[in-house]
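Colleague: I have this model open and would like a close look at a single part, the salt bridges. Could you take me through them, and then on to whatever pockets you find?

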Amino acid sequence: MRQRISRTILRVLEMSAEKSVPATRLVSALDIRDANTRCLMQEALRDLQVKGLIEERFPDRYRLRRHDRHTGVVDMRDNKPVLLSIYFDDPVPIIASQLRGAGYGDTVYALIGKDAKGNPQAEVLRVVNFAERRIPGVIEVLREKAWFIPEHNIYRDIIVPLENLNGAEDGDAVTVELESRSQQKMTLRGKVVEVLGKRGDKDRDMVVYMKRYRFNYFFTRDQEQEARDIIVKKEKSSAQEPFHRIDYTFRPTFTIDPPGTKDIDDAFTVQRLVTGNWEVGVHIVDVAYYLDQGSKLDQEAYMRGTSVYFPGRTIPMLPQELVKNCSFSAGDKRRAFSILFEIDETGKVLKERISKTWIRSKYQYSYEEVDKILDDEKSMYSEELQVLYRFSQLLRKDRFRNGAVVFEGNGRVKFEVDEAGRPLNAYIQPNTRSGSLVEEFMLLANRTVAEKVGGTMYSPKQSRP
């Protein structure tokens with residue numbers, strides 16, 4: 001009871017700005033009608049003064065202590081809200097029940113007090129600026145109003161007036177725009193600006209997550225058209241392409257990916273040299289050939305950073321038509337960046353070079369198929385896969401000798417979905433030999449590229465370009 005009275009007193013004083021408030025106004029705000037409650041109010045006032053939260057400016061007139069109110073930013077530490085402010089060396093814990101609708105990144109005006117142990121703690125008085133004014137979540141419609149339940153659990157439930165539902169119904173996934181608040185409005189309100197999915201839709205929750213983390217599933221019409229124009233333009237000019245792109249289309253080439261993969265962006269070649277050593281090629285799709293630096297599509301790809309995989313769905317980094325035109329599909333001639341290694345029988349890398357190439361994948365393997373081949377099942381490239389696996393294990397041992405960190409684990413969590421994308425089962429996919437094969441050569445290729453680029457840009461013997 002006294003805690004509730006204390007909170008009400010603080011709210012009334014906050015709304016009064018710099019002016020002191022007479023005790024009679026506090027009595028009115030608390031709707032005090034008996035002597036016992038008035039005594040509780042007096043005790044609460046004394047307690048707040050002892051804590052240094054308020055001061056008695058004149059007899060029976062109170063105001064907040066000015067030096068205890070600061071502007072700061074809400075952050076999260078150990079999954080708990082804290083206030084970051086230039087006025088404090090360390091983050092100040094925020095009372096979770098007193099966030100007043102503030103969320104991660106929001107700028108707030110907060111009252112700094114002390115907890116029972118005398119340590120500083122903060123109570124949000126109002127949100128000065130929302131870091132995210134539009135947030136995703138789910139609508140629950142009641143008789144006279146609706147509640148918006150944000151996906152991000154730091155936000156408290158938000159009232160949405162029925163006239164601001166804009167077609168949303170009970171259970172819909174929506175995006176709500178938060179309304180600005182005056183000091184007098186303590187309840188967070190908002191309006192629906194977008195319906196993301198209906199109750200029962202299999203993709204409803206996934207779309208909410210996509211919105212929260214700012215993943216764009218669709219490309220605009222202009223971006224789709226730019227992709228088509230790029231393909232036509234680049235294919236017309238391919239005859240004038242520099243001749244330093246090496247033709248590797250005759251080499252034994254294959255890909256290893258999960259079943260049904262369509263966005264195939266890496267491939268392998270394996271061939272014995274006349275010296276008795278082996279040449280292993282790790283080939284990566286040359287997307288840069290199609291994207292002019294600084295173009296709108298290049299900027300969009302930069303913002304997305306990578307393709308994102310959900311169970312049964314992929315959010316691509318580039319429009320699908322362009323991805324399809326680059327993908328190492330079996331039988332198609334494709335442009336690649338290739339990292340080529342000469343390896344002896346002991347698994348020692350003797351030489352490496354990076355080149356622009358043409359390749360043509362002859363076969364698209366799944367991880368499961370490669371595991372069967374490594375168990376002596378015959379295939380078109382059985383010998384090449386056995387050689388790759390033997391080298392991969394030698395490379396792995398060499399990595400560990402050189403101090404590589406071992407991350408122990410039983411495998412990866414995988415999801416089984418039906419044709420409609422609904423999850424049927426979750427299971428642990430054990431680590432496999434095929435996975436180890438791909439992992440080692442991708443690590444080798446990445447390390448080689450990093451050393452080449454780093455050596456060019458940051459070598460102490462050379463000045464930076």
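Modeller: Happy to; I will start with the salt bridges, then turn to one helix and two pockets. Please keep in mind that this is a predicted model.

The structure holds 22 salt bridges, and E345 is a good place to begin. One partner of E345 is R272, with the closest N and O atoms 3.5 Å apart. R272 sits in strand β16 (residues 266-272), while E345 is in the loop between β20 (333-343) and β21 (349-360), so this salt bridge ties together parts that are 73 residues apart in sequence. R390 also meets E345 in a salt bridge, at 2.9 Å from N to O. Here, too, distant parts of the chain are linked: R390 belongs to helix α9 (residues 382-401), and 45 residues separate R390 from E345 in its loop between β20 and β21.

How accessible are these side chains? R272 has a relative accessible area of 44% and is partly exposed. E345, at 37%, is partly exposed, and R390 falls in that class with 34%.

For another setting, look at R63 and E55. They form a salt bridge whose closest N and O atoms are 3.0 Å apart. R63 has a relative accessibility of 15% and so counts as buried, because buried means under 20%. E55, with 24%, is partly exposed. Salt bridges can also join into a group: R396, R399, E439 and E440 are linked in a network.

Now to the start of the chain, where helix α1 covers residues 2-15. Its 14 residues reach 20 Å from the first C-alpha to the last, close to the 20 Å expected at 1.5 Å a residue. The buried residues of α1 are I5, S6, I9, L10, V12, L13 and E14. An α-helix has 3.6 residues a turn, so residues three or four places apart point the same way. With that in mind, try following I5, I9 and L13, which are among the buried residues of α1.

On to the pockets. The largest pocket has a volume of about 2,100 Å³. It is lined by 48 residues, and those nearest its centre are P258, Y367, R412, K414 and Q429. Which element gives the largest share of this lining? That is strand β23 (residues 411-417), which contributes 6 residues. By class, the lining of the largest pocket has 21 nonpolar, 13 polar and 14 charged residues.

The second largest pocket holds about 790 Å³ of space. Of its 29 lining residues, I284, V285, V287, A288 and M317 are the closest to the centre. Several elements give two or more residues to this lining, namely β17 (278-285), α6 (296-304), α7 (320-326), β20 and α10 (433-458). The largest share, 4 residues, comes from α10. By class, the lining of the second largest pocket has 21 nonpolar, 5 polar and 3 charged residues.

If you want to retrace this on screen, go back to E345 and display its salt bridges with R272 and R390. From there, move on to the largest pocket and pick out R412 and K414, two of the residues nearest its centre.

Conventions:
Residues are numbered from 1 along each chain as its sequence is written. This is a predicted model: local features need pLDDT of at least 70, side-chain atom pairs count only at pLDDT 80 or more; totals for chains, interfaces and linings use all residues. Side-chain values use heavy atoms; hydrogens and water are left out. A salt bridge is a side-chain nitrogen of Lys or Arg within 4 Å of a carboxyl oxygen of Asp or Glu. Buried means under 20% relative accessible area, exposed over 50%, partly exposed in between (1.4 Å probe, protein chains only). The expected span of a helix is 1.5 Å times one less than its number of residues. On a 1 Å grid over the protein atoms alone, a cavity is a set of points where a 1.4 Å probe fits but cannot get out, and a pocket is an open set with protein on both sides within 12 Å along at least five of seven lines; lining residues have an atom within 4 Å of a point. Grid points are joined across faces, edges and corners, and a volume is the space filled by probe spheres set on the points. Ala, Val, Leu, Ile, Met, Phe, Trp, Tyr, Cys and Pro count as nonpolar, Asp, Glu, Lys and Arg as charged, and the others, Gly among them, as polar.
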